[in-house]
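Please walk me through this model in the viewer. Tell me what to select at each stop and what is there.

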Amino acid sequence: MLQNLFIIIWHCSKYVSTSDMKGGKNEHSPSDSCWMMVWHNRLYFYSAAAVVFGIWLTLKMALKKRSSSVEMVPQTSRAMKEKSSPTGADHVVQVSGVKIFYGSQTGTAQGFAKDLAEGVKSLGILAEVINMKDYDPEDRLTDECTNRSVCVFLLATYTDGQPTENADWFCKWLEEASTDFRYGKTYLKGLRYAVFGLGHSAYIGHYNTVSKNVDKWLWMLSGARLLTRGQGDCNVAKSRNGSIQGDFLAWKVHFLSRLRALTNDGAQKGCGGGSCMGHSGTCKNRPEDIPEQGGEEEEEEQEEEESEISQHDSSEEEEMLESSSDEESVVPGERSVVDVEDLGHIMNGLKRTKSAGQNQGGGQMVRRSKSNGVMRKDEEEEERREMITPALREALTKQGYKLIGSHSGVKLCRWTKSMLRGRGGCYKHTFYGIESHRCMESTPSLACANKCVFCWRHHTNPVGTEWRWKMDPAEKILQEALDNHQRMIRQFRGVPGVKPERYEEGLAAKHCALSLVGEPIMYPEINSFLRLLHAKRISSFLVTNAQFPQEIRSLVPVTQLYVSVDASTKDSLKKIDRPLFRDFWPRFLDSLKALGEKRQRTVYRLTLVKAWNVDELTAYSELIALGQPDFIEVKGVTYCGESPASSLTMANVPWHQEVVSFVRQLANLLPGYSIACEHEHSNCLLLAHTKFQVQGEWWTWIDYDRFQELVQAYEESGGLEVFSALDYMARTPCWALFGASEQGFDPRDTRYQRRNKTKDISGC
């Protein structure tokens, strides 16, 4: 077409030139005039020809590109099918195995690791459980980047947000590697990992710190996160699934689902159907890039946690963490999609999160109803969780507890059994005249605000800083406690050695030691419980861990009120008691001041742990001056057996003579106090204020009948008729005094020495 156009123009130009040569002689014909017009406007024709040529060239290039892309599509599709086919010769194995690393102190993470390994094996995938102390990350971790394995890290957070002992070196190396330029930002590129943390949300500022940090450090080294970081919470009141076991089970289900999708069909299984091909011919929606269903439910909490972590990081690391949020769970640089069918789950999760955020605030469980805006008390109680989870119930039942309702318990003390057989009573019998066979050891709250290293329950009881559980009425707790105690006493009927008269007396409890386990003062109805005890003429011995000063001040009169003083300095108290409160030391000091304001009998309870707190004599004397207790019990720590939750050993248990030496030195620093009694069997001594020494005789025992008369008058007068510790004291027998040959053992009983038998560590 263009060639014909040029030929016409050439002929026109030739004809016009010939006509010009003849122009002077002849007139122009009409045809000549036409050709002359074309010639004079030739520039317009040239421009039109150029435009037509450009359009033709553009169309030709476009058609050629389209035909080439059509030819490539069948080849690409065929290549993808061959790659995804499990029977193809070039089939790529997505997961060669799963390595499960655990950092555990009490064995919980180790148990979870074994449980997860069984689940992985059920999918036909090799699984290996690895103790982190037996693994050298510097030499072996890079191998996990190339052998197509998946690494799972189950990590517990220990004291002050530190790793457990077996995970300490791994975490230290990983932290250094993440900031060492010699390793580089891509040192762990190709590593696929998932992290689950074990912690307690009551430890504000340290909740699951280790798992957060490990997750961050692995990502900084270019590891690819397969799943949102899981967070197990020992605090049943705040746990998303009711317990740490429930949290792990929920995370485990998501992990196995992700693993199944990753191993079955590889990248193609991650596509929800339809077109997912990018320009590079790769799938955008790989399984590891798909966000976990319901993951948005954790959005607000995760963002808050990440902000806590990033406070210690540089601005560059903050930007990196923000771009790799756990909610997205994607590899950097790639996008993720959510199937339309999953939007319902996600929106429901967002609604639940929003509702939880509105209904929980300031440590109170405030819930609103549509009718009046505030949920009724009974509805609120229904929303609260039970303190005793099924796993905890099973563990405590095996230890001999008789559980009451959802947060209380009773257990038979070994000294109760001993005195039924005439083999001697506990140190309270020696110091205060308690009849051990008539003493009920109980608690209305199994929860505690400390995790002491010498806890004889090996930390099987729950912990918390406030009451956030369902609450049983005081009447129910007391009645079931008495019934259970009586049933346990009845089991001794006809047992050889049990004295009939003591058996009959033991059926009716006369004393209640609220020191079984936990923090009884946390129970919101503790005053009602105490009044019920006194109404039944049962004396009350209440022990608190000096973390609730306001509750101490609001207590009604107690027969004898104890405060555990396990250390005399802030550092040693934190090391020994491991309190949950961040302001534990001010609370501790205020509790001692509150104790000094009480008019009834008050006691400091000192537990000596050799090499930990036995050298703090001056500091102890200052604390005693602060609270001015009536009595000071000094007892050597009881070794309760090996426990992964504590580093305590028999080397930390002082000999009785060492306790005696400590008490003598302490007495020299305390004006107004002297050594009154001794119970050698319990490795315990009693310092008493000299106001209980009348005419040279000690009156440390209690007139229990007189106390019941005084407390009844106090209640009937509405608190107007007050009384003091001196109003119900009784004379101490000679055999109970310090320096007596009996060393605190009641001569009416027969001492029994155990030989080659497992020691019963229960008792108050």
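## Stop 1: two oblique helices

H21 and H22 are oblique to each other. Select residues 584-596 for H21 and residues 617-627 for H22; their axes come within 7 Å and cross at roughly 45°. That angle lies outside the classes of under 35 degrees, over 145, and 65 to 115, so the pair counts as oblique. Keep in mind that this is a predicted model.

Now show side chains at the contact. On the H21 side, pick Phe 588, Leu 589, Leu 592, Lys 593, Leu 595 and Gly 596. They meet Leu 623, Leu 626 and Gly 627 of H22. Colour this contact by class: six residues are nonpolar, two polar and one charged.

## Stop 2: H22 against H23

Stay on H22 and add H23, residues 656-668. The two axes come within 10 Å and cross at roughly 55°. H22 and H23 are therefore oblique to each other. The crossing of H22 past H23 is right-handed. Which residues make the contact? From H22, select Leu 617, Tyr 620, Ser 621 and Ile 624; from H23, select Phe 662, Gln 665 and Leu 666. By class, the contact of H22 with H23 holds five nonpolar and two polar residues, with no charged ones.

## Stop 3: just past H22

Move to Gln 628, in the loop between H22 and strand S16 (631-636). Its phi is positive, about 45°, although Gln 628 is not a glycine. Most residues other than glycine have a negative phi. Is Gln 628 buried, exposed or partly exposed? Gln 628 is partly exposed, at a relative accessible area of 45%.

## Stop 4: the open sheet

Hide the helices and bring up the strands. Ten of them form an open sheet with mixed pairing, in the order S9-S10-S11-S12-S13-S14-S15-S16-S18-S17. Which strands stand at the edges? Strand S9 (402-404) and S17 do; each has a single partner strand, so one side of each lacks a neighbour in the sheet. From one strand to the next, the twist averages 25°.

## Stop 5: S12 to S15

Step through part of the sheet, pair by pair.

- S12 with S13: select residues 511-514 for S12; four bridges join S12 to S13, and the two run parallel. Leu 514 has Leu 542 in S13 as its bridge partner.
- S13 with S14: select residues 539-544 for S13; S13 and S14 are parallel and joined by four bridges. Val 543 has Tyr 562 in S14 as its bridge partner.
- S14 with S15: select residues 601-608 for S15; six bridges join S14 to S15, again running parallel. Gln 560 has Arg 601 in S15 as its bridge partner.

Pause on S14, residues 560-565. How many of its residues are buried? Six of the six are, and the strand is mostly covered. Display its side chains. Gln 560, Tyr 562 and Ser 564 point one way. Leu 561, Val 563 and Val 565 point the other way. In a regular strand the side chains alternate between the two faces of the sheet.

## Stop 6: the S17-S18 hairpin

Go to the edge strand S17. Select residues 673-679: S17 is mostly covered, with six of its seven residues buried. Add S18, residues 684-689; the two strands pair in the antiparallel sense over six bridges. Across that pairing, Cys 677 has Leu 686 in S18 as its bridge partner. Four residues lie between the strands of this hairpin. Zoom in on Asn 683, which takes a positive phi near 55°.

## Stop 7: a loop elsewhere in the chain

Jump to Ser 222, in the loop between helix H7 (209-220) and strand S5 (224-225). Ser 222 is not a glycine, yet its phi is positive, about 75°. Ser 222 is partly exposed, with a relative accessible area of 27%.

## Last stop: the whole chain

Zoom out. The protein chain has 24 helices and 22 strands. Of its 764 residues, 50% count as buried. Turn on contacts between residues at least 6 apart in sequence: 75% of these join residues at least 24 apart.

Terms used: Residues are numbered from 1 along each chain as its sequence is written. This is a predicted model: local features need pLDDT of at least 70, side-chain atom pairs count only at pLDDT 80 or more; totals for chains, interfaces and linings use all residues. Side-chain values use heavy atoms; hydrogens and water are left out. Buried means under 20% relative accessible area, exposed over 50%, partly exposed in between (1.4 Å probe, protein chains only). Two strands pair if DSSP finds at least two bridges between them. Axes are lines fitted to C-alpha atoms, for helices over the stretch in contact, and angles run from 0 to 180 degrees between N-to-C directions. Contact means heavy atoms within 4.5 Å. Ala, Val, Leu, Ile, Met, Phe, Trp, Tyr, Cys and Pro count as nonpolar, Asp, Glu, Lys and Arg as charged, and the others, Gly among them, as polar. A crossing is left-handed if the near helix is turned anticlockwise from the far one by less than a right angle, and right-handed if clockwise.
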